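Student: Could you zoom in on one part of this model and walk me through it? I'd like the backbone and the packing in one go.

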Amino acid sequence: MITARRLIRAEPSFGLTTKLWQISWAYVLLLCMLAGVGYVALYSAAGGSPEPYASKHILRFGFSLVMMLCIALVDIRFIARFSYLVYGVSVALLVLVLRMGHVGKGAQRWIDLGGLQLQPSELAKIGLVMALAAWFHKATWERMGNPLFLIPPVIMILVPVGLILKEPNLGTAVITGIVGGAVMLAAGLRWWKLVLIAIPVPFAAQFAFNHLHDYQRARITTFMNPESDPLGAGYNIIQSKIALGSGGLWGKGFLQGTQGHLNFLPEKQTDFIFTMLAEEFGLVGGLALMAVLFCIVMGAMVMALRCRHQYGRLLALGIGVNFCMYVFVNIAMVMGAIPVGGVPLPLVSHGGSAMLTVMFGFGLLMSVHVHRDVEFSDGRDD
């Protein structure tokens, strides 16, 4: 009798040259294109100067790109052994940031590391995906039907979500919960069990709302009618919509955006950078950027489907969903489709912490792709 294991190709023997050849350089090119768009946008945000945003952006991306390629060469089985450790460190950092973190704009989200402000909530999402992938890698269909088997991963999700909510950072907490739920569904969780898990969400949302800062509650209450407070909580989204509409089909031209360069547009180098790009390059430029973002997300999904082991499939899918949620929340936010949540556009917005963690995730994704045919010793690959 031929077993499923025999249907899997013999484990390849990888040398450094072979691994470099296995890297998806087309995907790397997409990431470079996206970072290039970020450089152009940040150059414009500074009024036509590489300082202070664009020069730091390209240096950070260069460092992050080297880091990503180094991680891509690490055997995915070696990475899998440290999944729970990465998760534990990220949770410990979330606890640490609540005790001694840097406070900015009403929230306590950063840890000062010399010249870099680390935002542990960004690392926590990657750590969560790694831990869930490690847990469900050994799961059979029968074990997925056992409620007791699902308690630890649910706790894994709730712990970072709760800590992130206390910062408070509602947008990142929601993304973290969605990413964790997506990994569980991909692992084989019955949808009705996810519904049962989601039943307490409205009560948790009410609790979270009551513990938000005043400015965050104002963001939500003015979401449906930003004109009710045009100079206060509704100001950001009103100016964003004006900039989006004034860009038209082709835009006003590079460095010609009035909303951005006359400082009507808030946080144009971070949360509202897509709006500034749309004002200068119009609907065509905005759609072109969204096409690049779409290709990056779909590339991650394809890598997940091509992987032959469960750990890699779940890890790749989780990283892809995380990036997708970044993009969706940021673009929907600046369009007024959802409340403003302070989520950057990855590899485009100014910020070192988000870029490092996103590229760390892409390094793991690339390692999954390079080592997509390896076999794990526990036999769960088949």
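**Helix 2 and its surroundings**

Tutor: Right after helix 2 comes Gly47, with a positive phi near 80°. Helices here are DSSP runs of H or I with at least four residues (strands are E runs of at least two), numbered from the N terminus. Before going on, note that this is a predicted model, in which local features need pLDDT of at least 70 and side-chain atom pairs count only at pLDDT 80 or more, while totals for chains, interfaces and linings use all residues. Residues are numbered from 1 along each chain as its sequence is written, and side-chain values use heavy atoms, leaving out hydrogens and water.

Now helix 2 itself. With 21 residues, helix 2 reaches 30 Å from first C-alpha to last, close to the 30 Å expected at 1.5 Å a residue (the expected span is 1.5 Å times one less than the number of residues). Its buried residues include Tyr27, Val28, Leu31, Leu34 and Gly38, where buried means under 20% relative accessible area, exposed over 50% and partly exposed in between, with a 1.4 Å probe and protein chains only. What do the buried residues of helix 2 pack against? They pack against helix 3, helix 14, helix 15 (273-306), helix 16 and helix 17.

Take helix 17 as a partner. The axes of helix 2 and helix 17 come within 12 Å and cross at roughly 170°; axes are lines fitted to C-alpha atoms, for helices over the stretch in contact, with angles from 0 to 180 degrees between N-to-C directions. The two helices are therefore roughly antiparallel, a label for angles over 145 degrees (under 35 is roughly parallel, 65 to 115 roughly perpendicular, the rest oblique). Tyr27, Val28 and Leu31 of helix 2 meet Met359, Phe362, Leu365 and Met366 of helix 17, contact being heavy atoms within 4.5 Å. By class, that contact has 7 nonpolar, no polar and no charged residues; Ala, Val, Leu, Ile, Met, Phe, Trp, Tyr, Cys and Pro count as nonpolar, Asp, Glu, Lys and Arg as charged, and the others, Gly among them, as polar.

Heading the other way, the loop between helix 2 and helix 3 holds Pro52, which a cis peptide bond joins to Glu51, with omega about 5°. Most peptide bonds are trans. On the far side of that loop, helix 3 (residues 54-72) buries Ala54, Phe61 and Met68, among others, and helix 2 (25-45) is one of the elements covering its buried residues.
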